[in-house]
Each structure stands twice: as structure tokens, then as C-alpha cells.
Amino acid sequence: MSSPGWLIRPGTVPYDVANAAMHRLAERRLADEIPDTVILLEHPPVFTAGRRAKPDELRWSAAEVQARGGLVRAIDRGGSFTFHGPGQLVGYPILGLGSRPDAAAYLRRLEESVIRTCADLGVAATRREDVQTGVWVGDDKICAIGVRLMRTRVTLHGFALNCDTDLSWFGGIVACGLPDHGQTSLTLQLGRRVAVEDATLVAARRFGEVFDLAFGPAPAEVERAFAATADVA
């Protein structure tokens with residue numbers, strides 16, 4: 001029997017608001033106050049730099065990023081630079097991995113849920129263990145994955161699936177620290193628009209299947225933490 005979980009779908013949320021709310025939920029999951037939770041949303045344009053990001057992997061100046069309407073944020077996940085923005089389904093699973101956590105197994109299952117989502121939408125995607133974590137179509141990445149484990153037990157951050165993303169934004173970074181690989185999207189692969197809303201419920205269903213979760217709505221006060229006006233101080 002599947003375990004109960006919360007599914008949060010707040011729409012488009014500023015990165016700082018979502019990041020703060022995600023961390024608060026992870027603390028509550030660590031204390032066993034809440035069930036496993038998955039957040040599916042979009043962000044306005046933002047480059048995020050993981051712990052392995054190098055300054056020269058940001059190809060645009062801060063002023064140019066700002067002029068284009070974007071932000072740059074250093075964050076606490078693994079990996080290098082990536083981009084989040086409109087047309088991209090971002091998933092933040094807040095999961096308890098139990099007393100014997102296996103980070104590698106978690107990443108493989110996360111990849112599998114995205115691979116199944118892509119297949120349902122008509123795109124044959126794969127993992128590539130010869131390169132790095134993520135989901136690929138040939139030499140092009142369709143979904144970046146970067147995570148953190150809070151006290152080795154609770155997952156933070158997650159995946160970013162390009163649905164109808166403006167891929168020109170990736171020109172501002174060396175995405176995932178891989179200068180010789182490109183980016184693609186569901187829309188580009190299929191030759192027709194695939195919006196975030198087309199992928200969201202598919203992704204939720206496949207995630208629940210892979211992680212054996214039965215989703216219900218989160219309480220209203222949890223949903224309110226993702227409002228654009230939420231306090232992130």
C-alpha cells in the first residue's frame with residue numbers, strides 16, 4: 001500500500017520564496033512533523049550555483065543577467081550552475097530516506113520518474129552514467145538533477161524538466177559544468193508546444209508510482225508559504 005504524501009502545486013513562485021519554504025518543510029520532515037512532500041512549480045528566470053560551481057561558468061555579467069530579468073543565486077545543493085525559468089517544470093521532493101539512506105539509489109529513482117514522464121509525453125529519454133546525473137536525449141540534457149540531503153536523511157532541491165523553456169538562457173552559463181553538451185526540451189523534441197501544465201500531473205503520477213506515494217493536498221498554511229509575498233527573511 002502506498003504511503004500518504006503531500007503534493008504542492010503553487011504555480012510560478014520567486015526562487016527565494018520557494019527556497020525558503022522548501023528548507024522549512026525539510027526541517028519539519030526531519031522532525032517527522034509532515035509526510036513526504038513534492039513541490040511542482042515554475043520560477044521566474046534564475047541561475048543557481050551549486051557547491052561545485054566555478055565563477056567562470058557564469059558567462060554573462062551580473063549586470064547582463066539583471067538586464068535580461070534574471071537573478072543569480074548561490075545555493076546549498078550539489079553540482080554546478082543551472083537555469084530555472086518559465087516553461088520549465090521544477091520539482092522539489094522533500095522525502096525522508098529512513099535510517100539507512102542511499103543517495104545513489106534516490107538519484108536513480110528520481111531519474112526514472114522523469115524518464116517515465118518524458119515517455120508518457122512522447123519523448124524517449126535516458127540516463128547517462130558516462131556523463132552525470134540527469135536525464136538526456138542523446139547528447140542534450142532535457143532534465144537537470146541536483147540535490148542535497150539534510151543530515152543525510154531528508155532530500156532537498158530536485159529536478160528541472162525543460163518543457164517549453166527558452167533555451168537561449170543556457171547561453172549564460174556552462175550548464176552543469178559540461179561545456180560540450182547542449183540542452184533540449186519536450187517542445188523541441190516533439191515539434192509542438194508542451195507546456196508545464198501538460199507535464200505536471202504526469203510527473204506527479206509517475207513520481208508517486210516510482211516512490212510508492214499516494215498524494216493528497218497539503219494544508220492551506222503550507223500552501224501559503226509559497227505565496228509571492230511570503231516572508232523569506
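**Reading burial, salt bridges and cores**

Colleague: Arg127 is partly exposed, with a relative accessible area of 28%. What do buried and exposed stand for?

Modeller: Buried means under 20% relative accessible area, exposed over 50%, and partly exposed in between (1.4 Å probe, protein chains only). This is a predicted model, so local features need pLDDT of at least 70 and side-chain atom pairs count only at pLDDT 80 or more, while totals for chains, interfaces and linings use all residues. Residues are numbered from 1 along each chain as its sequence is written, and side-chain values use heavy atoms, with hydrogens and water left out.

Colleague: Which residue forms a salt bridge with Arg127?

Modeller: A salt bridge puts a side-chain nitrogen of Lys or Arg within 4 Å of a carboxyl oxygen of Asp or Glu. For Arg127 the partner is Glu112, with the closest N and O atoms 3.7 Å apart. Glu112 lies in helix 3 and Arg127 in strand 7 (residues 126–128), so the two tie together parts that are 15 residues apart in sequence. Helices (H or I, at least four residues) and strands (E, at least two) are DSSP runs, numbered from the N terminus.

Colleague: Which other residue does Glu112 bridge to in helix 3?

Modeller: Arg116, and there the closest N and O atoms are 2.8 Å apart. Arg116 and Glu112 are four residues apart in helix 3, which means about one helical turn separates them. Arg116 is partly exposed at 28%, and Glu112 is partly exposed at 24%. Both belong to a network of salt bridges that also links other residues, among them Arg108, Asp120 and Arg205. The structure holds 16 salt bridges.

Colleague: And Arg128, is that residue buried or exposed?

Modeller: Arg128 counts as buried, at 16% relative accessibility. Asp139 forms a salt bridge with Arg128, the closest N and O atoms being 2.9 Å apart. Asp139 sits in the loop between strand 8 and strand 9, eleven residues from Arg128 in strand 7.

Colleague: How many residues does the largest nonpolar core have?

Modeller: Here is the general idea: in soluble globular proteins, nonpolar side chains tend to be buried together. A nonpolar core is a set of buried Ala, Val, Leu, Ile, Met, Phe, Trp, Tyr and Cys residues joined through side-chain atoms within 4.5 Å. In this model the largest has 34 residues, and those with the most contacts inside it include Leu89, Phe159 and Leu161. Helix 5 (196–211) is one of the elements giving two or more residues to this core, and its eight residues make up the largest share. A second, separate core of 27 residues includes Ile34, Val154, Ala218 and Phe226.
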